[in-house]
Amino acid sequence: MQSKREVIDVDKPLFYDLTKENDLTDNDIQELSPSRISRPPPQRTKVSHRSNFTLFPSTVKRFGPPSSINIRTALSQLPSRAQSPIKKLKQTQSKVGGTKRAFELDSDGEDVETKPKKKKQQEDDETDEEDAYARCHAGYDINNEDIWKPAKVNQAKLTFDIPDSPDYLFASNQLSHFNLKPRRRQPDFSSPYPYPFTKLPEWKPLRRYIVPPPPRLIGYSLPTKLRRGSRQRIVQPLKQFTSFKHAPGSINHIEQSGPWIAIASAATGGHPDDAAIGDIDPYNREGSIMVWNGKPEILPGHFRQKNMQGVAEAVSLQPSKKYYTVNDVKFDPCSSSLVSAGNDKNVHIWRLDDETNTYEKDDRIPFAYPPIGLAFRPDTSRSVISVAERSLHLISDIADSPVEMQALSLSGQKKKDFYVGAMTWGRDLTANHLFASSEPLDSTKFIGHHKAIDTEKWKILYAFREDGAGDEITVTKDGSRLALITRREDHIHPLHIYDVRRSNPEITASIELPSFPSNIEGEVTSASFSSDGIYLAMGRNDNCIHVYDSRFLDRLLFEYQHHGLPKTHPGNHSYGVVKVQWVDEDSVLPFGLVTGGNDGCVRFWNPQQADSNLHNGSILAEISSDVATFSIGNRYKGEHSIVVGDGSGEVAIFDFAPQGYHSIYR
């Protein structure tokens, strides 16, 4: 009877007992020859929970029959996890009578039928698999001392020993008011879960939060609102903080330094005297030099005592002091000192008394003629100041006693016929240069001298090629270019721009300004470059402001105008736009131009908007009379937004306006 041949199922793995080097017979090898076994899909070697090595038929095909190779040599080329001495089995299936039977090879290589596993044994096998999985993942527990070594703890950092030295005890007493916090303890990972688990915070729905802008040059004094569909901002007016009227005449100059405000004003009958004091005007009174820090304070200076000896008793009832007009006032950038120049032909230096918090007169510098202008040198550690008189004077340091002063005439031997009308210091490369312009005392003449002076050697570097009477002179922020405005006969007002970085500057651009109305004597009262040196703004006494691109002077960019009704008092002279000043802004408002005119308004102009825009020229501050001068404060230094002085002697302090505040004027 021919025996039925057992057919090996290729989907089942073949198990071999490798405890013996040759444990298969030739019959078994024939049964396992690659020609008798259909090729199975590629499978990887695996290790069961019984640590049995599984040899797939693809392995037999790779290494040949087991009798022709050393099986242990084949195992050495397999993964190391499969090379443990284990029990190897061969499991086959046969189909006899429609039933499946399991076989394993005994020590002689014969097939021995095995009984199927019971249900309880299968459950034990599954339990063994769970135990093996738990043992495998036990290595992830860092607190398991059988597998992981405990973390080292730096005991030196866990304790803080206080030394007993006197130096340490003295230092601890000195630092006791700082509320020192204890040293942070190093976490201990040697014990399981040293810190309790904390519940994560629950995030609430976010809401829109508008961050206020940082302080600016004008700071919060320019509240704005955004029009829908446009990035143009509308500047809101400021709110008047306080005002006072103690000056005897029109305000000439206002200066700010922190909480202090210095005011120089005219005085009725305060004109200079050629010799002895004549009759004193009955309306002449004190107040031409004042300071303000919470309240106004009149400084006792710039007056002369009239000699009343030999005067009749009736005449002696007249005032015995004459108060003079103060033309200019400046704060020392290197100290808290104050310098003022007046028609009494003196420059007064005032020192701040720390105990009384008041200014007291410290020194007086006499001049031959009334000084009309002061200018401190910027970016210096010394208090170097220039004084404009009929000559140009330089004081090397006002802190010296006595002070050292040098004089230089712009017009040579004809200094009695001219006076220095405008001067300005250079910047950066030209920081040692002082630029000055003169004009004649006779208003019917139109000649002048305009020169650059080296303040280190105190000599004239060069003269600008222009002979008209000087109106204004200004320099860019980097000190590379200078604008000179003069006036000639036939109402001609030329504008020249020079490159002052050269030893012999040349005119880079030149034009004639638009003509003035025929009923006034045209004059440019103020000029200023923008911070980037591109825009050049000029204020005129016809109440107009002209803005040019300093690189291309062939056309006028903007023509602004203070179109409100003039508020000049009857009998007083109108000076039109008295001051123009560029201000730098942040991302909300890039930059703008601030001007003051005879309509009693200080306005803000945005060059990024058309001059015909109704919102351009927004009012920042309004007063009851024509604007004589104004000062823009620096909010970083605690100064006020804008301080305005008018032609009647009133001073008004303005700060940012609350929402809903509106001006009654356009």
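## A walk through the model

Start by selecting Trp-148, which sits in the loop between helix H4 (119-137) and helix H5 (155-158). Helices here are DSSP runs of H or I with at least four residues, strands are runs of E with at least two, and both are numbered from the N terminus. You are looking at a predicted model, where local features need pLDDT of at least 70, side-chain atom pairs count only at pLDDT 80 or more, and totals for chains, interfaces and linings use all residues. Residues are numbered from 1 along each chain as its sequence is written, and side-chain values use heavy atoms, leaving out hydrogens and water.

Is Trp-148 buried or exposed? With 40% relative accessibility, Trp-148 is partly exposed, a class between buried (under 20% relative accessible area) and exposed (over 50%), using a 1.4 Å probe and protein chains only. Add Ile-142 and Ile-147 to your selection: with Trp-148 they make a nonpolar surface patch of about 320 Å².

**Zoom out**

Show the whole protein as a cartoon, and you can look for six helices and 41 strands. Of its 666 residues, 43% count as buried.

**Strand S19**

Now select residues 373-376, which form strand S19. In a regular strand, side chains alternate between the two faces of the sheet. Here Gly-373 and Ala-375 are on one side, Leu-374 and Phe-376 are on the other, and all are buried. Next, add strand S20 (residues 385-388), which runs antiparallel to S19 and is joined to it by four bridges; two strands pair if DSSP finds at least two bridges between them. Across from Phe-376 you will find Ile-385 of S20.

**Asp-499**

Move on to strand S29 (residues 494-499), where Asp-499 is found. Asp-499 is buried, at 11% relative accessibility. Which residues does Asp-499 contact, leaving aside neighbours within four places in sequence? They are Ser-480, Pro-505, Glu-506 and Thr-508, where contact means heavy atoms within 4.5 Å. Try the distance tool on the C-alpha atoms of Asp-499 and Leu-482: they are 6.6 Å apart, with these positions 17 residues apart along the chain.

**Last stop: Ser-618**

Finally, select Ser-618 in strand S38 (residues 618-622). Ser-618 has a relative accessible area of 9%, so it counts as buried. Show its side chain, and you will see a polar atom 2.8 Å from the backbone oxygen of His-615.

Notes
A polar contact is a pair of N or O atoms within 3.5 Å; within protein, one must be able to donate a hydrogen and the other to accept it, and residues adjacent in sequence count only if both atoms are side-chain atoms. Patches are made of residues with over 30% relative accessible area and no salt bridge: like charges are joined within 9 Å, nonpolar side chains (Val, Leu, Ile, Met, Phe, Trp, Tyr) within 5 Å. Accessible areas come from the Shrake-Rupley method with a 1.4 Å probe; for residues, only the protein chains shown count as cover. A salt bridge is a side-chain nitrogen of Lys or Arg within 4 Å of a carboxyl oxygen of Asp or Glu.
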